[in-house]
Amino acid sequence: TKMQRLGLRTLRGEQAWAERAADILPGGVNSPVRAWNGVGGHPLPIASAAGAVITDGAGRDYLDLVDSWGAGIVGHAHPAVVSAVRAAASNGLSFGATTEAEVELAEEIRDRYEPAQKVRLVSTGTEATMTALRIARAATGRDVIVKFAGLYHGHSDALLVAAGSGLATSGVPDSAGVTKAVAADTMVLPYGDVDALTDAFAEHGSRIAAVITEAVPANMGVIAPPAGFHRLISDLCRNEGAVFIVDEVLSGFRAGPAGGWGLERDADIAAGREPWAPDLVTFGKVIGGGLPVAAVAGRADLMDLLAPLGAVYQAGTLSGNPVAVAAGLATMRLLDDDAYAHLTRVSTMMRRGVSAELASHGITHAVGHAGTLFSVFLGLEEAPVTFDDVSRQDALAYSDMFHSLRGSGIALPPSAYEAWFVSLAHTDEHVGKVVDAIIAWGGREAKQP
Ligand code: PLP
């Protein structure tokens, strides 16, 4: 079977470590994708990371294409971020009261992303999207949330229905422990399906509080949003009085300078069209630079529904934590035009180089990409749009590639359903290393019948 075949790869030291970790942590991890269920085998614990390189407990170095699932956009342990964290830490770890840096980080977000008129900082993307739903329901007095299959918005109950990321490979399409009543208020549609969306609004429009989507879907691999899809959502929401929530937790300040939305805004402006705008938007990952910071933001009238101004309750002991905010602020300040030019160049070279090599080995594949975000789907002829499209990929070939590249010192995401991340520390040389490793792999598994 698949697991037996993959199990053969497990080395003794990794097995011993995995058993110790699994004895105390469920599954040996504190977040499911880290357990490598999607590719088989057992990872060693990570000891350290610097720049583009991550080092495991056995002292083996890997070129890191996970980057803490996107948070590590400036590279691991960037000196400017580390020194900002040190300085903040020595001034006190947490006060439970507002600091100037929180206001600066919120301003930094608004200055780069105009629809973020007001900002509330939280600690995780899960809290951000959960709060966005609560605001939308309060603003509309309605219950129903529309989400798209395979898109992931964190693990709050209402959003754990047909979600991507770890759920895509866990064998549990919907989490146990979510009540039928909660799931019943979440309407799941196929991504990019214009008819399904217009029908849902025609039939249930007056019950829909919000539509939530990822600005660039990246939790079932990276999907380019179909042209006009977000504008359609925006129009339907406006006409029916629903709230359009754009989740930029992964794509924000990563897909481009103003996230996935900014890419479309720029294209609209270039084409002479009035850009659409989200009503609410969520951020995470990049804005914390590797420490726990996330945010819900958006239209001032909606954001002012939050306590203490309004009746929507939301709070957090560690929200806007000074050390975490220092990391986020230092990270954001490194993200200037040159930084985005670098990320664009390296990510483009990487996806093109990998694709060319796969093609030259006769390996059927497709590359999904939007801005600097990309991922590779083995076994697909064209870039997928829906979760059904994605699930036809050859996940077994991916795990073969994953383990082969690992042997070449490259850490791919441990699942065929995730984005590949580059950082400011990734260089042309690193791209060459990845391309060479693809050559060394040569698609053995992919070519077997
Ligand atoms: N939304 C998106 C688009 C994400 O990619 C994620 C995490 O991967 C989340 C929300 C949840 O964020 P967190 O893991 O910080 O709770």
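In helix H9, a predicted DSSP run (H or I, at least four residues, numbered from the N terminus), the residues His230, Ile233, Leu236 and Cys237 are buried, a term that requires 20 or more other C-beta atoms within 10 Å of a residue's own, with C-beta atoms placed from the backbone. They cover an arc of only 125 degrees around the axis, which puts them on the same side of H9, the arc being that of the directions from the helix axis to the C-beta atoms. These buried residues pack against helix H8, strand E7, strand E8 and helix H10, where strands are DSSP runs of E with at least two residues and contact means C-beta atoms, placed from the backbone, within 7 Å. Just after H9, Gly241 takes a positive phi of about 70 degrees.

I should say that this is a predicted model, in which local features need pLDDT of at least 70, side-chain atom pairs count only at pLDDT 80 or more, and totals for chains, interfaces and linings use all residues. Residues are numbered from 1 along each chain as its sequence is written.

Let me turn to Lys285, which lies in the loop between strand E9 and strand E10. An unreviewed UniProt entry annotates Lys285 as "modified residue: N6-(pyridoxal phosphate)lysine", and such annotations may be inferred rather than shown by experiment. Lys285 counts as buried because it has 28 C-beta neighbours inside 10 Å. Leaving aside residues up to four places away in sequence, Lys285 touches Trp69, Gly70, Ala71, Val249 and Leu250; Val249 and Leu250 are also among the residues that come nearest to the ligand.

How values were computed
A residue is near a molecule or strand if its C-beta atom, placed from the backbone, lies within 6 Å of it. A residue is buried if 20 or more other C-beta atoms lie within 10 Å of its own, exposed if 12 or fewer, and partly exposed in between; C-beta atoms are placed from the backbone. Two residues are in contact if their C-beta atoms, placed from the backbone, lie within 7 Å.
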